[in-house]
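Q: Please take a close look at one helix of this model and at the helices that pack against it. A connected account of the packing geometry and the residues involved would be useful.

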Amino acid sequence: MSTLNCIRSISNQSIKRGTKHRLLKRATVAGTLTAVTAGVAYGIHRMVDKAVHYKPEVNGPEKAGNYIYLNPVLSNEDDLVAQVKSQVQWKYHALESIVLENEDKGWTSFLPLGKRKHRLWNDPKLLLQKARSDNRTERQAAVNVLAKKHIWHDHEYRLVAQSCDQRTMVGLARIDSVDERFFLPPPAVIEPKGTVEEELRELLAALPDTSIDPCTKFFTSMALRGGQSSKSIDQTGSLVFGGNQLSFITSLSKVPEESLFLSYLQALIHHSEVISHCKELVHLGALQTLMRIYRYQPDSPKVNCYLAQIIANLAVCEALHSEIVQAGWVKLLVKWKKSKFTELASQAARALANLDRDYEEGGTRYANGVNIIHPLGRTKKPIHADIVFVHGLMGGAFYTWRQGQEDQDKEKLVSLTDSGSLTTPMNDEKQLDRNRRSVSRFSDCWPKSWLARDCPNVRILTVTYDTQLTEWASKCPFESEKRSISQRSGEMIQKLKEAGLGQRPIIWVTHSMGGLLVKQIIIDAEKSSQDEKAHSIAEQTHAVVFYSTPHHGTSLAAYSQQAKYLILPSVEVTELVQGSPYLKALHGQFRAFVQARNVQTLSFGESKPTNIGLSIKALVVPASSSNPGFGEHYNLDMNHLNICKPAGQTSQLYQLTLEFILRNLHQSFSSELSEKLTHDLDDDEAEKLLSMLGMTFGY
C-alpha cells in the first residue's frame, strides 16, 4: 500500500484507536521504504547523468526564453536514456515532496546524501517567490541564498535570469560571489544606418543647453567639432571634465576610434549629472548608443570606465532604473565590478549601489565624484564607521593612494594627475596589466588592498575633484570660478550628504590641499545648523589624518607667484600662499572645533625635497606648515609625493596610520554603545554592563 493510500484510509475511515495506530505504523514503514526507494532512484539518476553527460530535460516555461540552445539529434538509444532519466528524476522529486511534507515525523532523515534542508533552498522557483516577499528581511535572505548557488545546471540559472524581477536582479548583482549566469546578456541593438560617431553627434546636438554650466557647454562644443579638436584635447593629458578625472587617460591612444569616443563620452558624463538631462538622454536612446560603443571597444579600460561612470550618473535618477536594467547593463556592471582595476570596479559598484533601492537605506545615492572603495556590494558585516579619502593638488581619487616606490623621488609634481601617468598606450585590459607590471612605480590602491582587510567593518570612500597648478593647464576656460576651496566645499557637502555621510562616525584621511578642503567642509557643516544632514557631518567627525597639509601655506605657491608671468598660477595655488589671511582664519576655526569636540588628529610632514618643475627642487610643505600645532605629528624622510604612499603594510607610515584609525574606531564604537546602553538601560544596569566591557559612561 502506498503512503498516500495509507494516509487516506486513516482520514476517511472511522475505526478504533488500536486499528488506527496499526495503520499509522504501516504508513510510517511505507514512508521509510518510499524514502529508501527515493534514495535508490536518486542514485540511479546521478549515475545515468554522469554516464551520458547529458543534462535533464527542461520542461516548463523556461523553454520559451530568450536563450537559444542547439540540441543534437538524438538516436533511439539517446531517446531511451533521456526518457529513463526524466522518469527517474520526476519520481524522485515526487517522492521527495511526500517525505518533506512529513518532516515533522522525522521522515527527512531518510533523504539521500544527508539532505535535511527544505527543498526551498534548492528550488529556483521557490527561491524566486521568497525573493519577491513583502518582508524585506526574508527577500534579502532569499537573494543571498540564490547568490551562493554555483553548481546548478545552466537551465536553472536561465530560469532565474528570465523570471526574476528587477529588484532581485540588482540584489544578486551586488553580491560579490554571484554567478554571472544569473544575468541575461544585453539585448541586440538595432544597427542604425550611420556610424557611431554620427549617432553620438546627433545625441549631443539634441540635448538642451539649459540647466548646464559654461564648462558643460564648452566640452559639448569641443566634442561636436570632432576630428583634430577632440584629439588635441586628449593629448593634453587626462581628460578632466567637471572636476571628475579617471585614471588611464594619459596620452593619445593608438586607436583613433577610442580617442574620438572618449571626447564624446567626456561631454556625456557632465550632461548625465543633470537630472533633467538624464531623462532626455534615455529618451533619445543613449543607453543603446552607449552599448554600441561598448561592443566596438569591449576591452578598453578607458572606455569602460567612462561608460560605467555615465550609467552610475543616470542611476542616480530612480525613474530611469527600469530602462537601465532592460537595456542589459546589469550583466556588464557585474563583470566590471569584479575587475582588477580599482577605478572601473568602483564606478561599476557605484552604479549598482544607485540601482539598489532595496538595500541602501535612507535614500543613499552616490553622485559623480564620490567613489566606493569598500565594500563594493552588499555585506552582512555591520558598518561601524566611514573612512573618507581626499586627495590634494594634482592628485586623484585612486592614484594618489597607490603603494609607494623608491623611484618616486624622480617624479615631477607637475606630471602627476589622476591619470596614472603611464607612458605606454593602453588599448585593452591585458596590455594594461602588462604595462602596470612593467612600470615599477605603479601599485595598488592601498585603502582597498590593505585597509579594507585590516578594518573590514567600515565603509571606505574617496572623493574626486580636479585641480591645476597653472591656468594654462586648465581644460575649461570658465572653470576658475568653481575651483576655490569654499566653492568646492559646498558642492562636496551636498554630494556627501546624498552618500549618507554623517549617519555614523567619520574618519578623514587627507593629502596636501585635500586637508584644507576637509577643514573647510567640517567648518561649513558645523555652521549648517538648519541643515540636519549637513550638520551631522561635523557632529560625526571623530578623527582626521593629514599627510603634508599646508595649514599655514606652501612654498610652492611662492615659486608660482614668482613665475606668474610664465605659468599663470591657478586659483588653488594662489589660495596656498604662506601667511594667507584665508588660511589663518580657517585654521583658527578648525582648532576651535577640534578642541571643543575632542577630535583626534594625526599629521605627517615631509623632510625630502621634491622636483616641482622649472628646475626647482624644494620642500613643498615645510614642517612649520605641516604641523597644525595640536594632535600627533611625525616628520618622515619622504617627499611630498610619497608621504601618503606607504611602501608596505609593515612600513612606519602605514602602521602609524592604521593604529590611529583602529584606536579611533574602537573609541567611536565604545562611545556609541555607551550612549545606546545609557539610553536603553537605567543607570545601575548600564554601569554594571559597561564595567564588564571595560567601558565607562559617556558623561
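A: What follows describes helix α17 and its two helix contacts, with a short note on cysteines.

The model is predicted. Helix α17 covers residues 342-355, and its axis comes within 8 Å of that of helix α16, residues 329-337, the two crossing at roughly 135 degrees. α16 and α17 are therefore oblique to each other. Their crossing is left-handed. On the α16 side the contact is made by L333, V334, W336 and K337, and on the α17 side by L344, A345, A348, A349, A351, L352 and L355. By class, these residues are 10 nonpolar and 1 charged, with no polar ones.

Helix α14, residues 301-314, also packs on α17, at an angle of about 20 degrees and with the axes 8 Å apart. Because of that angle, α14 is roughly parallel to α17. The crossing of α14 with α17 is left-handed. From α14, the residues N304, C305, A308, Q309, I311, A312 and N313 meet E343, L344, Q347, A348, R350, A351 and N354 of α17. This contact divides into 7 nonpolar, 5 polar and 2 charged residues. L344, A348 and A351 of α17 thus appear in the contact with α16 and in that with α14.

As for cysteines, the whole structure holds 0 disulfides. C317 is in none, the nearest cysteine sulfur being that of C278, 6.2 Å away. C317 counts as buried because its relative accessibility is 7%. C455, at 3% relative accessibility, also counts as buried.

Terms used: Residues numbered from 1 in each chain as written. Predicted model: local features only at pLDDT ≥ 70, side-chain atom pairs only at ≥ 80, totals over all residues. Heavy atoms only, no water. Axes fitted to C-alpha atoms, helices over the stretch in contact; angles between N-to-C directions. Helix = DSSP H or I, 4+ residues; strand = E, 2+ residues; numbered from the N terminus. Parallel < 35°, antiparallel > 145°, perpendicular 65-115°, else oblique. Left-handed = near helix turned anticlockwise from the far one by under 90°. Contact = heavy atoms within 4.5 Å. Nonpolar A, V, L, I, M, F, W, Y, C, P; charged D, E, K, R; others polar. Disulfide = S-S within 2.5 Å. Buried < 20%, exposed > 50% of the residue type's maximum accessible area, 1.4 Å probe, protein only.
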